[in-house]
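Please open the model in a viewer and keep the sequence panel visible. The tour below proceeds by selection, one region at a time.

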Amino acid sequence: MAKAEAPEAELPWAGTRKTKKRVVKGGISRDDCTRANVEVLAPADVLDTLSSVPKVTTVIIDPWYNKGLGGEREDYDDWLAEVIQSACRVSRHVFVWGFPEILARQIVNIPNGFGLVSWLTWFYKNCPSVIRGWRSSQNACLHLSVKDAPTYPEHFLNDEQLERWQSGKMRFVPGPPSVLEAPLNIGFVGRDEQTGHPAQKPLSVIEPLLLMTTKEDDTVLDPMCGSGTTGEACLRLNRNGILCDISPEYLTMTRNRFAKHHIRHGR
Ligand SMILES: C[S@@+](CC[C@H](N)C(=O)[O-])C[C@H]1O[C@@H](n2cnc3c(N)ncnc32)[C@H](O)[C@@H]1O
């Protein structure tokens, strides 16, 4: 089995972390990244994928935004509500990405049995917009879950904090902020991560979602995976992943992304 070659990027929320063979500041060492299995399915529509996969721990939904890239559809709100409903059938945690004005309309559609855990905001300053007026600098992400679905804020602690928490010396676990600040991967920014997908999310906004809702070896589904950012986050964090997209081109991009890092993955 080929050994995983994870990029050397650091996880910004953790302190110095000891790994099996060496110490990397806040990061996942190459040696840590060998267990997870990420399966890349054949191209399929999101609703077909959601009706055919087994139950998973967390689903990431990151559709086109109904403007610009990916075009517009008149039934977008109803379609997205159906996608969210279907995602809630296969998982206890569902994250839904979109512009705030789109997700605001889904707040009234949260499926029975699920609640809004948090409205997350991704804040980026480097959008090269040419639109006169306010320059876009935020995306929203709804965290929906069933009541009492486990969350793991302790995954964001550094070693010292973890020790204090484990020995009962910490009264509560300080959670990460609900605003994730990370630049768009454009131009020279995030060059190592860039795949050419026009709406690729940075790893640093996907990894916190997995850390908060999953343990090692849990399974994450991303049925609109684009360039496979969720898959790479899974491999870096030792979570299993199931990825799909409607576009054969983007699934090839995803497979190439994993191959580039010599990361093992499924079909
Ligand atoms: C915003 S991008 C996802 C980007 C991804 N999170 C990343 O970091 O690369 C949206 C993706 O949804 C896919 N998509 C759009 N409609 C779909 C559908 N009906 N079923 C499955 N995938 C779809 C597109 O091909 C596109 O790759």
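Begin with the ligand in this predicted model. Select the shell around the ligand: 20 residues surround it, and the closest are Met224, Gly226, Ser227, Thr229 and Ile246. Colouring the shell by residue class gives nine nonpolar, seven polar and four charged residues.

Next, select helix α5, residues 203–213. Is this helix enclosed or open to the surroundings? Since 11 of its 11 residues are buried, α5 is largely enclosed by the rest of the structure. Among the buried residues are Glu207, Pro208 and Thr213, together with Leu209, Leu210 and Leu211. To display what the buried residues of α5 pack against, add the strands β4 (56–61), β5 (91–98), β6 (114–123), β8 (179–181) and β9 (219–222), as well as helix α6 (229–237).

Then turn to the largest nonpolar core, which has 46 residues. Within this core, Ile61, Val94, Phe95 and Val96 touch the most other members. The largest share of the core, seven residues, is supplied by α5. Centre the view on Ile61: apart from neighbours within four places in sequence, Ile61 is in contact with Val83, Ile84, Ala87, Val94, Phe95, Val96, Trp97 and Met224. Met224 also appeared at the first stop, as one of the closest residues to the ligand.

Finally, select Gly175, in the loop between α4 (159–166) and β8. Gly175 counts as exposed because it has 12 C-beta neighbours inside 10 Å, and 12 or fewer is the cut-off for that class. Add Pro153 to the selection: Gly175 and Pro153 are 22 residues apart in sequence, yet their C-alpha atoms are 5.3 Å apart in space.

How values were computed:
Residues are numbered from 1 along each chain as its sequence is written. This is a predicted model: local features need pLDDT of at least 70, side-chain atom pairs count only at pLDDT 80 or more; totals for chains, interfaces and linings use all residues. A residue is near a molecule or strand if its C-beta atom, placed from the backbone, lies within 6 Å of it. Ala, Val, Leu, Ile, Met, Phe, Trp, Tyr, Cys and Pro count as nonpolar, Asp, Glu, Lys and Arg as charged, and the others, Gly among them, as polar. A residue is buried if 20 or more other C-beta atoms lie within 10 Å of its own, exposed if 12 or fewer, and partly exposed in between; C-beta atoms are placed from the backbone. Helices (H or I, at least four residues) and strands (E, at least two) are DSSP runs, numbered from the N terminus. Two residues are in contact if their C-beta atoms, placed from the backbone, lie within 7 Å. A nonpolar core is a set of buried Ala, Val, Leu, Ile, Met, Phe, Trp, Tyr and Cys residues joined through C-beta atoms within 7 Å.
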